[in-house]
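Hi there,

Here is the structure I promised to pass on to you. Have a look at it first, and then read on for what turned up in it.

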Amino acid sequence: MAAKRDALRLVRPHLAAMPGYKPMDSIDVVAGDLGVPEDRIVKLDGNENPYGPSPKVTEALGGFGFYHLYPDPEQRRVREAVAEYVEVDASQIVMGNGSDELLSIAAMLFLSPGDAMANAPPTFGVYTFLSHVSDARIVQVERNEDFGLDLPALERALDDGAKLLFIASPNNPTGNCLPREQLERLLAHDAMIVVDEAYAEFTGESFVDMVTEHDNLIVARTFSKWAGLAGLRAGYAVFPPALAEIVWNVKVPFNLTVAAEQAILASLEDRDWLHKNVALIAAERERLFSRLKDLPWLRPYPSQANFILCEVRGPAAKGVRDRLAEQGIMVRYFDSPGLRNCIRISVGKAEHSDRVIEALKGIGAGVGK
Ligand SMILES: Cc1ncc(COP(=O)(O)O)c(C=O)c1O
């Protein structure tokens, strides 16, 4: 008992006290809880790709003969392939265990305890989590009603000393993009801007080209969403050259598995097949949007990503989430000052939209009566 108390006393106090980040449950856990097979679950809570990885990935992973050897610590082949894909020099790219790892590396690079980090909620919860891990001070600058940035307030936060700002474009969970001229304005301040492009392939727009001209811009990207590799953890970031050199010195070695490496190479070879699925998802998003709009108690927000945020008018969003979950349909719900009573539905295939719409109609039948 005494040893246990001592160990807790040695933990850095801010870490012992911090709230954790609560990600969603995996499909096997959800299926186990509901007592149904995994293929009966309609998983629309993680913005995952319903088409899965390229068949070339499965083939490459099955045929790979070197799982017992460590990967190339300099990630040479895979960085060359990604460099060709995003059209920057390979020396600016660092691969990681999902783009989450690159976001975490950015926080490690810039945030000392007590430093200020600006944030623009509602947005991806990992940014706040990383500020807690770093023991940084978070300056929350709520987005406007339409979820656009409150640019003057953010610029003030940067001028007042916030060192780092993460901006997702398209933003999760609101689905809107950062206009290029707004990024230009943010970059004019003496602070690091990390643009998180986890969903960029669904818009076709990227800010990677701006990294070469701006030494305070990092762009984080991932193969989780467009390429269906979420479970393999395959992300990367494009850094200004001077920062890339430091990242190599501070990141843990071998942070990209050989499996992720093989999967990335095979995905890039089969990018046309993957981009066709991205187009199918974008088309399904529009169909789902118009069907959600037909439900008078839901207000869907337009999205450029692979999910749709809906304000729930009437019933509690959490109750709607729970009733969908009882039917094996998983969505996220939000209820915070900047995001009152909302659900977020990932875009799946047409059959998934049909199931969620039918279930929502059933729930809605009791609304307003
Ligand atoms: C905005 C945003 N950034 C990053 C990630 C994490 O991506 P990865 O799977 O590459 O860690 C997500 C995942 O949902 C996300 O929504």
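Let's start at the ligand, where the side chain of Thr222 has an N or O atom 2.5 Å from one of the ligand's oxygen atoms. Please keep in mind that this is a predicted model. Two other side chains also place an N or O atom by a ligand oxygen: for Tyr199 the distance is 2.7 Å, and for Asn172 it is 2.7 Å. Around the ligand there are 14 residues, of which Ser99, Asp196, Tyr199, Thr222 and Ser224 come nearest.

Next, the helices. To describe two packed helices, we give the angle between their axes and the distance between those axes.

Try helix H5 (residues 76-86) and helix H11 (residues 258-269): their axes come within 10 Å and cross at roughly 30°. Angles under 35 degrees count as roughly parallel, so H5 is roughly parallel to H11. Their crossing is left-handed. On the H5 side, the contact is made by Arg77, Val78, Ala81, Val82 and Tyr85, and on the H11 side by Glu261, Ile264, Leu265 and Leu268. Seven of these contact residues are nonpolar, two are charged and none is polar.

Now find helix H12 (residues 271-293) and helix H14 (residues 350-364), which pack at about 10° with axes 10 Å apart. That angle makes H12 roughly parallel to H14. Here Glu284, Arg287, Leu288, Arg291 and Leu292 of H12 meet several residues of H14, including Asp354, Ile357 and Glu358. Sorted by class, this contact has six nonpolar, five charged and one polar residue.

Enjoy exploring!

Best wishes

Note on methods: Residues are numbered from 1 along each chain as its sequence is written. This is a predicted model: local features need pLDDT of at least 70, side-chain atom pairs count only at pLDDT 80 or more; totals for chains, interfaces and linings use all residues. Side-chain values use heavy atoms; hydrogens and water are left out. Axes are lines fitted to C-alpha atoms, for helices over the stretch in contact, and angles run from 0 to 180 degrees between N-to-C directions. Helices (H or I, at least four residues) and strands (E, at least two) are DSSP runs, numbered from the N terminus. Angles under 35 degrees count as roughly parallel, over 145 as roughly antiparallel, 65 to 115 as roughly perpendicular and the rest as oblique. A crossing is left-handed if the near helix is turned anticlockwise from the far one by less than a right angle, and right-handed if clockwise. Contact means heavy atoms within 4.5 Å. Ala, Val, Leu, Ile, Met, Phe, Trp, Tyr, Cys and Pro count as nonpolar, Asp, Glu, Lys and Arg as charged, and the others, Gly among them, as polar. A residue is near a molecule or strand if one of its heavy atoms lies within 4 Å of it. A polar contact is a pair of N or O atoms within 3.5 Å; within protein, one must be able to donate a hydrogen and the other to accept it, and residues adjacent in sequence count only if both atoms are side-chain atoms.
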